[in-house]
Amino acid sequence: MKNSFILIFFLFSFYNVSSHAENLQIDAKNIVLDNINNKTIFKNDVKIVTDDQNKITADYVEYNKKTGFLILKNNIVAKDNLNNLIKTNYAEYDEKKRTFKSKGTTAIITTEKYLINTKDVILNNENKIISSENETIIEDPDGNLVSLENFEYSAQNNIFKSVGNIKINDEKGNAYQFSQIYIDTEKKEILGTDIKAF
């Protein structure tokens with residue numbers, strides 16, 4: 001009889017979680033409710049689908065029903081609806097602002113297979129901009145390496161922008177320096193200012 005009560009309570013609790021997460025669909029193997037703090041804890045194989053069809057997986061998610069704020073931990077993979085991937089171990093998602101923020105080491109794989117290694121990334125789903133104010137290494141599909149102090153990537157236009165100390169090492173061993181750069185990842189074109197070649 002006790003097991004039946006727990007099962008009914010669990011099903012009722014899960015229904016409440018779904019109804020409060022109006023813009024999110026969250027699935028997990030384990031769900032723990034904390035009604036006192038208005039939080040729900042999702043553990044093991046957590047899968048989230050946002051209202052604009054972005055998909056996020058993680059090992060652990062803490063969801064605040066009142067604020068619409070999520071804390072994600074361990075093995076996080078966020079995939080936007082343009083097929084850009086973000087991988088990290090700690091992130092926060094604001095359901096109301098529709099922003100995903102990673103903290104710490106973060107890897108990004110763009111639709112065109114550019115590999116980005118950086119930290120503290122912000123993905124704004126309103127304007128489809130991915131950005132970081134930290135040192136970043138971009139590797140293009142041809143093996144060219146671009147070192148940046150910061151970047152902004154328009155996922156809709158497939159363009160990276162950066163201002164500061166920029167270095168490019170191509171696959172032939174040539175080195176270039178710029179103070180400003182635009183990289184069109186679809187056309188594989190690089191535009192820069194104040195070039196120095198070595």
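The following exercises, each with a worked solution, concern a predicted model of a single protein chain.

**Exercise 1. Overall composition**

Task: State how many helices and strands the chain has, and describe its burial, contacts and exposed surface.

Solution. Begin with the secondary structure: the chain contains 1 helix and 18 strands. Next, consider burial: 40% of the 198 residues count as buried. Then turn to the contacts with a separation of 6 or more, of which 29% are between residues 24 or more positions apart. Finally, the exposed surface of the chain comes to about 11400 Å², with 51% supplied by carbon and sulfur atoms.

**Exercise 2. The nonpolar core and the largest cavity**

Task: Identify which residues touch the most other members of the largest nonpolar core, and determine which residues line the largest cavity.

Solution. The largest nonpolar core has 36 residues, and those touching the most other members are Ile48, Leu70, Leu72 and Phe100. In soluble globular proteins, nonpolar side chains tend to be buried together. Take Phe100 as the next step: beyond four places in sequence, Phe100 touches Ile56, Ile76, Ala78, Ile86, Ala91, Glu92, Tyr93, Val121, Ile122 and Leu123.

Now examine the internal space. There are 2 cavities of 30 Å³ or more, and the largest cavity has a volume of about 50 Å³. Its lining consists of Thr50, Asn54, Ile56, Ala78, Lys79, Asp80, Tyr93, Phe100, Leu123 and Asn125. Phe100 is thus a residue of the core and also part of the cavity lining.

**Exercise 3. The largest pocket**

Task: Give the volume of the largest pocket and state which element supplies the largest share of its lining.

Solution. The volume of the largest pocket is about 180 Å³. Its lining comprises 13 residues, and Asp140, Asn144, Lys188, Glu189 and Ile190 are those nearest the centre. The elements contributing two or more residues to this lining are strand 16 (175-184) and strand 17 (189-193). Strand 16 supplies the largest share, with 4 residues.

**Exercise 4. The surroundings of Ser162**

Task: Decide whether Ser162 is buried or exposed, and find which backbone oxygen lies 2.6 Å from a polar atom of its side chain.

Solution. Locate the residue first: Ser162 belongs to strand 15 (residues 159-169). Its relative accessible area is 3%, which is under the 20% limit, so Ser162 is buried. Leaving out residues up to four places away in sequence, Ser162 touches Leu148, Asn150, Phe151, Ser179, Gln180 and Ile181. The backbone oxygen in question is that of Asn150.

**Exercise 5. Two asparagines with positive phi**

Task: For Asn74 and Asn158, give the phi value, the place in the chain and the degree of exposure.

Solution. Asn74 has a positive phi near 65 degrees, lies in strand 5 (residues 69-79) and is partly exposed because its relative accessible area of 41% falls between 20% and 50%. Asn158 has a positive phi of about 60 degrees and is found in the loop between strand 14 (151-154) and strand 15. At 8% relative accessibility, Asn158 is buried.

**Exercise 6. Thr110 in its loop**

Task: Establish where Thr110 is found and which residues it contacts beyond four places in sequence.

Solution. Thr110 sits in the loop between strand 8 (105-109) and strand 9 (115-119). With a relative accessible area of 2%, Thr110 is buried. Outside its neighbours within four places, Thr110 is in contact with Asn83, Asn84, Ile116, Tyr153 and Phe160. As a last step, compare positions: Thr110 and Lys79 are 31 residues apart along the chain, and their C-alpha atoms are separated by 9.9 Å.

Definitions and conventions:
Residues are numbered from 1 along each chain as its sequence is written. This is a predicted model: local features need pLDDT of at least 70, side-chain atom pairs count only at pLDDT 80 or more; totals for chains, interfaces and linings use all residues. Side-chain values use heavy atoms; hydrogens and water are left out. Buried means under 20% relative accessible area, exposed over 50%, partly exposed in between (1.4 Å probe, protein chains only). A polar contact is a pair of N or O atoms within 3.5 Å; within protein, one must be able to donate a hydrogen and the other to accept it, and residues adjacent in sequence count only if both atoms are side-chain atoms. Contact means heavy atoms within 4.5 Å. Accessible areas come from the Shrake-Rupley method with a 1.4 Å probe; for residues, only the protein chains shown count as cover. A nonpolar core is a set of buried Ala, Val, Leu, Ile, Met, Phe, Trp, Tyr and Cys residues joined through side-chain atoms within 4.5 Å. On a 1 Å grid over the protein atoms alone, a cavity is a set of points where a 1.4 Å probe fits but cannot get out, and a pocket is an open set with protein on both sides within 12 Å along at least five of seven lines; lining residues have an atom within 4 Å of a point. Grid points are joined across faces, edges and corners, and a volume is the space filled by probe spheres set on the points.
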